[in-house]
Amino acid sequence: MRKFLLLLFIVCAIAFKTKAQFDKGSYTTTSGEKLEGLIFCDYSEDHIFYKPDDKAKRVMVKIDDLKSFTITVQHRKADDTIDTLYVEADGDTKDHKKYFGKVVLTSPTIKIYYEFKANNSGGATFSNAFTQTMNTTTGALENKATGKWTNSGNGAMYRTVPMYQEKGDDMTYPLTSKNYIDILSKAVADDTDLAEQIQAKQYKFKDLDKIFEQYSEKNN
């Protein structure tokens, strides 16, 4: 019985991948070439699937060949959601592992990205992590610093990890509960009030989204 259930699960997973929803989008290669068409991506993977049109066969494009990609998720009752993700390198790993990062804060000195990581253990918890969910009305990806795992709109289990990149550096590094006060107060130094609030510990690590939102409202 267990073998049957396992086989059924695998078959369902394969069927899901086959019926994956492709969205209008484009990707840019490392050489600067831009291709438009239809894209499907699990943000925690190291590749995307691309089709020039509905009738074409899908092609896998590896992360090493990508600079960035953009997808436009269409909705019936809301404005389209546009997501752009960039290929970044994790300077905290030996092989400088590449990942798809979404920009959540840009300042004159530092950029903050969210790296998407998959949870395959079902129901596991992760302290100081950011859960990634999809708003069922707008389709927009939303982050919450709850420290729990959650199911995303396309069936994958994500947690989002904040990463920072200093100006002039090709690498990104983890933003943690130990360094966020120092890193973020420098990042938002052009917003004196916010920088002082961070240094005064008025924002906890779980409040990162609030910091990003407050800075963006004043400077974007």
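**Close-up 1. The buried residues of helix α4.** In this predicted model, helix α4 tucks away Leu208, Asp209, Ile211, Phe212, Gln214 and Tyr215, which are buried. The helix runs over residues 208–219. With twelve residues, α4 spans 17 Å from its first C-alpha to its last, close to the 16 Å expected at 1.5 Å a residue. As for the pattern of burial, an α-helix has 3.6 residues a turn, so residues three or four places apart point the same way.

**Close-up 2. Helix α2 alongside helix α4.** Here α2 (residues 180–187) meets α4, with axes that come within 12 Å and cross at roughly 5 degrees. Angles under 35 degrees count as roughly parallel, so that is what we call α2 relative to α4. On the α2 side, the contact is made by Tyr180, Leu184 and Ala187, and α4 answers with Leu208, Ile211, Phe212 and Tyr215. Sort these contact residues by type and you get seven nonpolar, no polar and no charged.

**Close-up 3. The largest nonpolar core.** This core holds 21 residues, and the ones touching the most other members are Ile112, Leu175, Leu184, Val188, Leu208 and Phe212. At least two residues each come from β7 (98–106), β8 (110–118), α2, α3 (192–199) and α4. Apart from this core lies another one of 17 residues, including Cys41, Ile63, Leu66 and Tyr158.

**Close-up 4. Zooming in on Leu175.** Leaving out residues up to four places away in sequence, Leu175 touches Ile112, Pro162, Met163, Tyr164, Tyr180, Ile183, Leu184, Phe205 and Leu208. Among these partners, Tyr180 and Leu184 of α2 and Leu208 of α4 also take part in the contact between those two helices.

Note on methods. Residues are numbered from 1 along each chain as its sequence is written. This is a predicted model: local features need pLDDT of at least 70, side-chain atom pairs count only at pLDDT 80 or more; totals for chains, interfaces and linings use all residues. Side-chain values use heavy atoms; hydrogens and water are left out. Axes are lines fitted to C-alpha atoms, for helices over the stretch in contact, and angles run from 0 to 180 degrees between N-to-C directions. Helices (H or I, at least four residues) and strands (E, at least two) are DSSP runs, numbered from the N terminus. Angles under 35 degrees count as roughly parallel, over 145 as roughly antiparallel, 65 to 115 as roughly perpendicular and the rest as oblique. Contact means heavy atoms within 4.5 Å. Ala, Val, Leu, Ile, Met, Phe, Trp, Tyr, Cys and Pro count as nonpolar, Asp, Glu, Lys and Arg as charged, and the others, Gly among them, as polar. The expected span of a helix is 1.5 Å times one less than its number of residues. Buried means under 20% relative accessible area, exposed over 50%, partly exposed in between (1.4 Å probe, protein chains only). A nonpolar core is a set of buried Ala, Val, Leu, Ile, Met, Phe, Trp, Tyr and Cys residues joined through side-chain atoms within 4.5 Å.
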